[in-house]
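Me: Could we go through this one together, term by term? I would like to hear what each label rests on.

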Amino acid sequence: MKISRTFAASVLTLAVLGAVAGTPVWAAPAAAAVPAFNLDADVNRALKTFDVPGMAIAIVKDGKVVVAKGYGVRKLGEAAPVDGKTLFEIASNSKAFTAAGLAMLVDEGKIAWDDPVTKHLPGFQMYDSYVTGQMTVRDLLVHRSGLGLGAGDLLWWPSTQFSTDEIISKLRYIKPATSFRASYAYDNLLYIVAGKIIAEKAGKPWGEAMQERILTPLGMTGTRTSVADMLATSDYSAPHSKINDKIAVVKPMPVPNAVGAVGINTNAEDIARWMTVLLNSGKMDNGQQLFSVKQAGEMWSEQTPMRIREPKPALAATKPNFYAYGLGFQLRDYKGRKLAMHGGALQGFYSTVLMVPEEKLGIAILTNAENSPAMASLYYRILDQYLKVPPSDWIKLYADQEAAMHKEELERQGKETTARAAASQPSLPLASYDGEYEDAWYGKISIREEGGKHVMRFERTPDLTGELEHFQHDSFIVRWKERNFNADAYVTFALNPDGSIERMKMAPISTETDFSYDFRDLNFTPVKAVEKK
């Protein structure tokens, strides 16, 4: 399963000639009339088209590693290249590791999928007492809890000072958006709870448990379970985000309190090992099962139906016939084949891990930028090659759609700004909006006058600090000092009949803002006025 960097670098050159050790790699049978494909050329084109500094790709087929190599640079402005050992944060692709960790505990008889969570974490509590009692270990993984999309993510994103235990305890204050088990809505907090169960059963932190029980047995020697540990190595990628539509290096965003939902930092060579074991129903190179065939089936079985959305006409071929969430994986189809896949996103990093069980095919794409079309265009190209489908120019199709959608969003924001009551004034003197405000689950924020500006600060999230500017009436815009967040938000005050402030609500300005900036779920009420000096 191990692949040398020299082999990874040369395999595609050989593939274009049609064979590696006498076995065709990329060229399909002549009857299919699918041309051989140069992965290097396509990846480099995608890097340029989508403004991605670096990328690592792993492809496994029939139990063997075909590709595990890097492209581009680890850090913009520096020459160090991405290689097969360069580490990337894979964010929510860590959820599959948490699911596998729980599956191993099920095999060992230490938990059951349908055990109540309170059996293993007696202090666990949701907003509704019925849900608290009925929530099972399985429910933690399948996004049907009734919580809204990304509910509570501001407890850990961007980097906060809340502990894991504090985050879990605050679930009891987050109001549900739907009935329990009524519909799919992606969440992260319940995977943090799942990670806590693993830690409790192991008697050690989630990261150590993952290292001991999964990473070491699989030979994933380069993988790290924290950003701090990744930064202590010599071969890791820097995060990159767009600031005013221009790619830039940004600081890492460690989130050690969210392990279980995120936490794995890996490379192309190691993720190839992971996919190989998944595609082999948990069987390792030594013939032993990491987790049983039965649990492998559970992980890739449909648990929660997901809504199928209509793609733009140019991407019609990507529309699935079924779409569901399993245990740590999204499940769907493409060209008659079932796919088990997931995405991951943290500040400056996006990743995709995708497997086609019937074909024993696995594809992983790790990037040091925030651009999902770059990954989608490549994995569809690779899928088409292996499934013997006449190729489409996915890079152009996705680039055109991305440009059109971004243009549409900018136009929408422009119309919103033009339509505002620009001549309106706040109901109160600006100093009257200063003070401390508190939300039931997040806690406190403050607004204070600093150097002639009114500055909002989230008390437990140092990087969520920004200046307020008047928008219209009693609505303002907070512009975060960390411009790479791309998460500026409306801040709107509601007044009592006597003119005092009743509450303050927030909402993202842009539809492109990551859903984990769940400002819409906050409901702040005044705590006290700030003392004037």
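Me: What makes Ala-248 the bridge partner of Ser-241 in β5?

Reply: Happy to start there. Strands β4 (residues 240-243) and β5 (residues 246-249) are joined by four bridges and run antiparallel, and Ser-241 is matched with Ala-248 in that pairing. Two strands pair if DSSP finds at least two bridges between them, so the four bridges here qualify. Strands themselves are DSSP runs (E, at least two residues), as are helices (H or I, at least four), numbered from the N terminus. This is a predicted model, where local features need pLDDT of at least 70, side-chain atom pairs count only at pLDDT 80 or more, and totals for chains, interfaces and linings use all residues. Residues are numbered from 1 along each chain as its sequence is written, and side-chain values use heavy atoms, with hydrogens and water left out.

Me: Which residue of the β4 and β5 hairpin takes a positive phi?

Reply: That is Asn-244, with phi near 55°, in a hairpin that has two residues between the strands. The hairpin of β18 and β19 has five residues between the strands, and there Gly-499 takes a positive phi near 90°. β18 and strand β19 (residues 501-508) pair in the antiparallel sense over seven bridges, with Arg-503 as the partner of Ala-494.

Me: Why is the pair of Phe-458 and Trp-480 called edge-to-face?

Reply: Rings of Phe, Tyr and Trp (its six-membered ring) pair if their centres lie within 6.5 Å; planes under 30 degrees apart count as stacked, over 60 as edge-to-face and the rest as tilted. The structure holds 25 aromatic pairs. For Phe-458 and Trp-480 the centres are 5.9 Å apart and the planes stand at 75°, so the pair is edge-to-face. This pair links distant parts of the chain, with Phe-458 in strand β15 (residues 453-458) and Trp-480 in strand β17 (residues 475-480), 22 residues apart. Both residues, Phe-458 and Trp-480, are buried, a label for under 20% relative accessible area, with exposed meaning over 50% and partly exposed in between (1.4 Å probe, protein chains only).

Me: What makes Phe-476 and Phe-493 edge-to-face?

Reply: Their ring centres lie 5.8 Å apart and their planes are at 90°, so the edge-to-face label fits. Phe-476 belongs to strand β17 and Phe-493 to strand β18 (residues 489-495), so the pair ties together parts 17 residues apart in sequence. Phe-476 and Phe-493 are both buried.

Me: Which residues is Phe-458 in contact with, leaving aside its neighbours within four places in sequence?

Reply: Contact means heavy atoms within 4.5 Å. On that basis Phe-458 is in contact with Tyr-442, Lys-444, Ile-445, Leu-464, Trp-480, Met-506, Phe-519, Leu-522 and Phe-524. Phe-458 also belongs to one aromatic cluster whose members include Trp-156, Trp-157, Tyr-442 and Trp-480.

Me: Which residues touch the most other members of the largest nonpolar core?

Reply: They are Trp-274, Met-456, Phe-458, Met-506 and Phe-519, in a core of 117 residues. Helix α3 (residues 95-107) gives the most to this core, with nine residues. A nonpolar core is a set of buried Ala, Val, Leu, Ile, Met, Phe, Trp, Tyr and Cys residues joined through side-chain atoms within 4.5 Å.

Me: How do you know that the charged end of Lys-95 sits over the ring of Tyr-191?

Reply: The rule asks for NZ of Lys or CZ of Arg within 6 Å of the ring centre and within 35 degrees of the ring normal. The charged end of Lys-95 lies 5.3 Å from the centre of the Tyr-191 ring and is listed as sitting over that ring.

Me: Why is Asp-51 called partly exposed?

Reply: Its relative accessible area is 32%, so Asp-51 falls between the buried and exposed limits. Asp-51 lies in the loop between α2 and β1 and has a positive phi of about 60° although it is not a glycine. Arg-181, in the loop between α6 and α7 (189-202), also has a positive phi of about 60°. At 37% relative accessibility, Arg-181 counts as partly exposed too.

Me: Where do β2 and β7 stand in their sheet?

Reply: Eight strands form an open sheet in the order β2-β1-β12-β11-β10-β9-β8-β7, with antiparallel pairing. β2 (64-72) and β7 (304-305) are at the edges with a single partner strand each, so one side of each is left without a neighbour in the sheet.
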